[in-house]
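Below are my notes on the model you sent, arranged as numbered points that can be read beside the coordinates. They begin with a term that the first point depends on.

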Amino acid sequence: MGEGESGHRKRAIGEYRTAGEVEGETPLSTEVTTEHITQLGADELVINMGPQHPSTHGVLRVKLKLDGERVIGSECVIGYLHRGVEKIGENRTYQQFAPYVDRMDYVAAVSNGLGYCEAIEKLLVVEAPPRARVIRTILTELQRIASHLLWLGTHALDIGALTPLFYCFREREEILKIFEKYCGARLTTHAFRIGGLQYEAYDTLEKDVERFCKDFTSRIVEYEDLLTQNRIWLGRTKGVGILSAADAIAYGVTGPVLRASGVKWDIRKAMPYAAYDQYKFEIPTGTAGDTYDRYMVRMEEMRQSRLICLQAIENIPTGPILAKVGKVLKPPAGEVYHAIEAPKGELGYYVVSDGTVQPYRVRIRPPSFVNLEAFDRMVRGHLVADVVAIIGTLDIVLGEIDR
Amino acid sequence: MQPAVQATMEFLKLYWVPLLCGVIIVALLPLIAGYIVLVERKLMADMQVRLGPMRVGPHGLLQPIADALKLLIKEDIIPENSDALVFWLAPVLSVGAALLALAGLAIGPAFQVAQDINIGILFVVGISAMGIFGIVLGGWASNSHYSLMGALRSSAQLVSYETAAGMALVAGLLFAGTLNIKAIVDAQQSAGVWFGLLSPVALFTYLVASIAETNRAPFDLPEAESELVAGYMTEFSGFRWALYFLAEYTNMVVVASVATTLFLGGWLRPFASVHWLDFLDYFPTLLMVLIGVYCLIRVPKQPSRVHQLFMLAVAALCFVVALVLLAPVILPIAHPFKAGILGSFWFLLKVSLYLYLFMWLRFTLPRYRFDQLMRLGWHFLIPLSIINVLLVGIALIAGSYFQLQGWALLLATTPAAVIGLVAAIVLLSVEQKTHSAAAPSAAADFYGG
Amino acid sequence: MADKLIFYFFAAIAVGGAVLTVTRRNAVHSAIFLITSLLATAGVFLQLRAEFLFIVQIILYVGGIMVLFVFVIMLVNLDVSLQQLQFSRQKWVALIVALALAGQVGVMFWSAEKLPGQILPGVTAAAADRLPPNSEAVARSLFSTYLLPFEIASILLLVAMIGAVVMAKKRT
């Protein structure tokens with residue numbers, strides 16, 4: 001993921017391959033067509049889920065090949081939310097492109113912004129001042145909690161537990177209030193700037209974060225009371241969607257999905273960025289690689305994020321919040337790949353600069369896109385009712401997959 | 001003409017109470033079911049840290065009427081290749097069976113449509129079993145593969161749990177000795193103890209089976225929206241869907257009433273035969289007075305004039321009901337109505353508690369997958385209910401051998417209940433062991449294990 | 001008078017339902033009319049004060065056997081069979097057999113009227129008044145006089161259930 005080609009020309013629209021096709025591989029759709037069902041009891045049939053479906057978390061179309069009740073093959077058709085973000089990136093200046101990255105993983109916009117700003121800072125060979133880095137860490141960890149809360153609520157809702165959704169959104173509301181106080185927006189925050197931050201931390205930021213973190217422990221206990229030891233929850237999630245560590249690495253899966261399969265890999269520890277090297281936190285891993293382990297891993301990650309926030313607000317350094325980068329950004333020609341640990345996995349930015357105010361190429365490696373590749377492996381052999389649980393446990397956001 | 005008119009007058013004089021009950025059931029029950037839905041939405045909101053419907057009417061109390069109006073004026077969409085006769089018939093069968101089952105139930109000693117029939121409980125169970133046709137035919141008439149699969153699944157679930165429910169009822173009937181509803185409640189009065197206390201395993205089994213019978217969470221996979229198979233109700237729009245919905249909530253009321261009659265003492269107050277506890281007869285009045293007082297306290301805190309007037313009206317209504325409940329206890333001329341009026345209150349209170357439990361479970365528990373659901377029914381509930389019948393039978397024989405009556409019967413049935421509990425735990429653990437997937441460590445091959 | 005009206009009401013529905021059952025092309029319609037016919041028969045039981053038989057007819061016949069019929073009808077592809085004319089070959093044989101049967105039934109009833117010594121089980125509503133409550137009567141006779149046939153029938157049902165389960169299991 002690092003080599004660029006010299007003389008690489010920009011592709012015209014229309015030359016890009018259709019999303020979902022892989023060169024050299026016959027996709028599932030040419031083998032079995034979605035036929036009109038006249039006979040029940042047919043041994044193999046192909047059914048279609050989505051793109052409009054309450055549980056696919058966006059516009060995702062899943063073709064399932066069934067043998068009776070069991071899934072024996074699947075194909076995800078994506079591209080319904082493709083907005084040409086990477087192409088747009090070639091026609092905007094570096095600062096102008098920053099709001100666009102928020103809209104990819106719209107659930108965790110702050111992380112997207114962090115990755116992008118740090119990638120451009122790497123190109124410019126500048127470092128954000130310490131104060132900016134710490135505040136960035138606090139906001140990103142709060143965003144991680146918010147993203148996991150949304151995941152938990154919707155995942156539980158798909159499996160049938162109606163109540164955790166509202167409890168999770170109650171907490172998420174607190175976090176979004178903090179974001180709104182900080183930068184004026186709740187969802188697509190554009191919180192960071194290239195070189196640091198634009199807005200100084202508002203007066204009560206530390207108090208707000210501290211109050212949220214103090215309340216949060218009892219709230220997590222609420223969610224766990226409802227789900228963790230619940231017989232029905234265990235029955236629906238244990239042993240469902242198992243992904244072995246070898247498979248996870250082979251598919252390039254990252255994030256909580258990888259950690260639940262037992263691989264202890266977190267970019268915050270392996271290649272620290274922002275202020276993560278200053279704080280002590282654990283990397284939770286699972287053992288079985290099933291849906292239950294992914295649930296436990298994300299719950300523990302929320303607790304660890306809370307710990308990072310508490311450590312960070314104790315000691316926010318004073319000083320400037322924006323490095324001297326100038327109004328017009330013209331990074332020297334070159335390329336950079338910078339990856340961060342977004343809530344959903346490794347979010348990577350590969351930026352190629354040709355010395356002008358607009359990047360030559362902005363390529364985004366979305367974690368959900370790569371994680372979705374493992375869906376086929378995870379869903380085979382399961383019943384149709386488990387498909388929804390497995391889609392939920394991957395924690396995908398279509399905005400990020402399709403860009 | 002004279003003899004015909006005379007015959008009609010005779011008929012009316014004899015049967016005016018059942019006829020009135022019948023009219024009330026058919027005319028009022030849609031409204032009552034609508035308000036049960038509103039109660040469920042408000043309860044759900046309360047448990048989910050929100051408010052629920054608040055806009056239509058004060059505190060959302062006119063919401064069911066708005067919903068009913070909306071459903072009535074909706075376009076009636078009929079799928080193209082569907083079977084017209086069956087499409088029309090399916091919701092009608094569901095609702096008809098549910099409403100007819102209500103005819104066999106008694107709120108008080110005199111409030112019963114099918115008065116004093118010999119086969120009371122069996123009638124209710126049998127007629128509500130006919131509701132399965134409404135589901136199966138509804139799925140068929142939709143002319144959609146997914147609806148049909150959902151309908152067949154739903155009816156398979158209903159049929160499976162009917163067996164468990166029936167065996168649980170048998171355990172209760174062993175104590176009662178009769179199928180007649182009035183006689184069952186009278187047996188509980190003469191025994192002095194509710195049959196649910198005598199056989200808690202039967203009550204528990206019936207509770208779980210009745211949740212599955214009415215397609216409620218956690219057994220509502222066939223009608224959940226996030227599932228792939230769409231469910232039998234999908235193609236029915238507007239009023240037809242309202243009929244299905246009405247049938248579901250009426251079924252809930254029916255199973256709650258059956259459980260109350262057989263296990264919770266019907267229209268008896270707690271400790272009905274203990275006469276030094278007769279002051280409990282004032283409890284209904286006290287409860288309504290407390291609710292009225294609470295409404296009065298909240299009147300000044302209401303946001304607008306309309307809301308304040310409304311709260312006052314509710315408080316006044318509570319006080320009026322309290323007076324009505326007080327009259328049979330105090331006034332000697334109203335004594336014959338005591339069992340009827342107070343009995344109705346206790347019956348409705350118990351049914352409400354049972355329904356509250358249904359709703360509480362719906363908001364708390366996730367959904368079972370269909371195969372897990374069927375496994376639970378066949379591998380756990382049916383064996384448990386059969387074992388329970390055996391144990392209750394043995395307890396009864398022991399009881400009659402030692403001449404145990406009333407409360408003393410608990411001496412014989414409590415060991416039976418304990419053994420039943422042990423059997424339940426054993427059954428559950430056996431099922432866990434045979435079904436649990438022994439998942440190897442996912443990272444074993446990666447970390448060189 | 002009311003008794004007669006009620007009886008003829010149920011009888012008409014039963015006969016009408018039976019006729020419609022055999023004349024419909026659509027198998028699901030046939031099943032529905034068969035259900036109607038069975039319910040009307042249950043009504044006749046009820047009129048004869050045999051309330052236990054009434055409810056057992058509904059629970060077992062309508063709620064059990066007809067549900068099974070309907071399941072099978074819906075799970076089997078019927079498009080093929082609908083296109084074939086089902087009654088082409090047996091029409092005339094069926095007519096002759098039905099006429100013979102009707103003749104025998106008519107002779108039976110006519111002879112009962114003409115010959116006073118014949119004893120027909122003529123149960124009218126008035127006679128039914130003197131019967132004990134139906135559930136208890138059935139229970140008493142099942143568990144005392146007919147205990148052995150009852151147990152044998154139970155074992156037969158158990159064998160049938162086990163056999164069905166064994167046959168339905170896939171060979172792994």
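Two strands are taken as paired if DSSP finds at least two bridges between them. Please keep in mind throughout that this is a predicted model.

1. The N-terminal sheet of chain A. With that criterion, S1(A) and strand S2 (residues 61-67) of chain A qualify as a pair, being joined in the antiparallel sense over six bridges, and within this pairing A:Leu45 stands opposite A:Leu66 of S2(A). The sheet to which they belong is open and has three strands in the order S1-S2-S3 (chain A), with antiparallel pairing. Strand S1 (44-49) and strand S3 (70-77) of chain A have a single partner strand each, so that one side of each edge strand is left without a neighbour in the sheet. Neighbouring strands here are turned against each other by 20 degrees on average, direction ignored.

2. The second sheet of chain A. Another open sheet of three strands follows the order S6-S7-S8 (chain A), and its pairing is antiparallel. Its edges are formed by strand S6 (334-342) and S8 of chain A, and because each has a single partner strand, one side of each is left without a neighbour in the sheet. The twist from one strand to the next averages 15 degrees. S6(A) and strand S7 (residues 345-353) of chain A run antiparallel and are joined by nine bridges, with A:Gly334 placed opposite A:Ser353 in S7(A).

3. Helix H4 and its surroundings. H4(A) lies across S6 and S7 of chain A, running at about 150 degrees to S6(A). The axis of helix H4 (residues 109-124) of chain A also comes within 8 Å of that of H5(A), and the two cross at roughly 145 degrees. On the side of H4(A), the residues making this contact include A:Leu114, A:Cys117 and A:Glu121, while those from H5(A) include A:Arg136 and A:Leu139. Sorted by class, the contact of H4(A) with H5(A) comprises five nonpolar, three polar and three charged residues.

4. Salt bridges. Over all chains the count comes to 39 salt bridges. One that deserves inspection joins A:Arg363 to A:Glu86, whose closest N and O atoms are 3.5 Å apart. Since A:Arg363 lies in strand S8 (residues 361-365) of chain A and A:Glu86 in helix H2 (residues 85-89) of chain A, the pair ties together parts that are 277 residues apart in sequence.

5. Extent of the interface. How much area is buried between chain A and chain B, and what portion of it do carbon and sulfur atoms give? The buried area is about 3,400 Å², and carbon and sulfur atoms give 61% of that. Chain A brings 46 residues to the contact and chain B brings 38 residues.

6. Polar links and composition of the interface. Across the interface of chain A and chain B there is one salt bridge, in which the side chains of B:Arg369 and A:Asp386 meet at 2.7 Å, N to O. Seven residue pairs are found in polar contact across the same interface, both residues being at pLDDT 80 or more. The elements of chain A that each supply at least two residues of the side touching chain B include S1, helix H5 (130-159), helix H6 (164-183) and helix H15 (384-394). The largest share of that side, five residues, comes from H8(A). By class, the residues of chain A that touch chain B divide into 27 nonpolar, 12 polar and seven charged.

Methods. Residues are numbered from 1 along each chain as its sequence is written. Chains are lettered from A and ligands numbered from 1 in the order in which they are written. This is a predicted model: local features need pLDDT of at least 70, side-chain atom pairs count only at pLDDT 80 or more; totals for chains, interfaces and linings use all residues. Side-chain values use heavy atoms; hydrogens and water are left out. Helices (H or I, at least four residues) and strands (E, at least two) are DSSP runs, numbered from the N terminus. Axes are lines fitted to C-alpha atoms, for helices over the stretch in contact, and angles run from 0 to 180 degrees between N-to-C directions. Contact means heavy atoms within 4.5 Å. Buried area is the accessible area (1.4 Å probe) that two parts lose on being put together, summed over both. A salt bridge is a side-chain nitrogen of Lys or Arg within 4 Å of a carboxyl oxygen of Asp or Glu. A polar contact is a pair of N or O atoms within 3.5 Å; within protein, one must be able to donate a hydrogen and the other to accept it, and residues adjacent in sequence count only if both atoms are side-chain atoms. Ala, Val, Leu, Ile, Met, Phe, Trp, Tyr, Cys and Pro count as nonpolar, Asp, Glu, Lys and Arg as charged, and the others, Gly among them, as polar.
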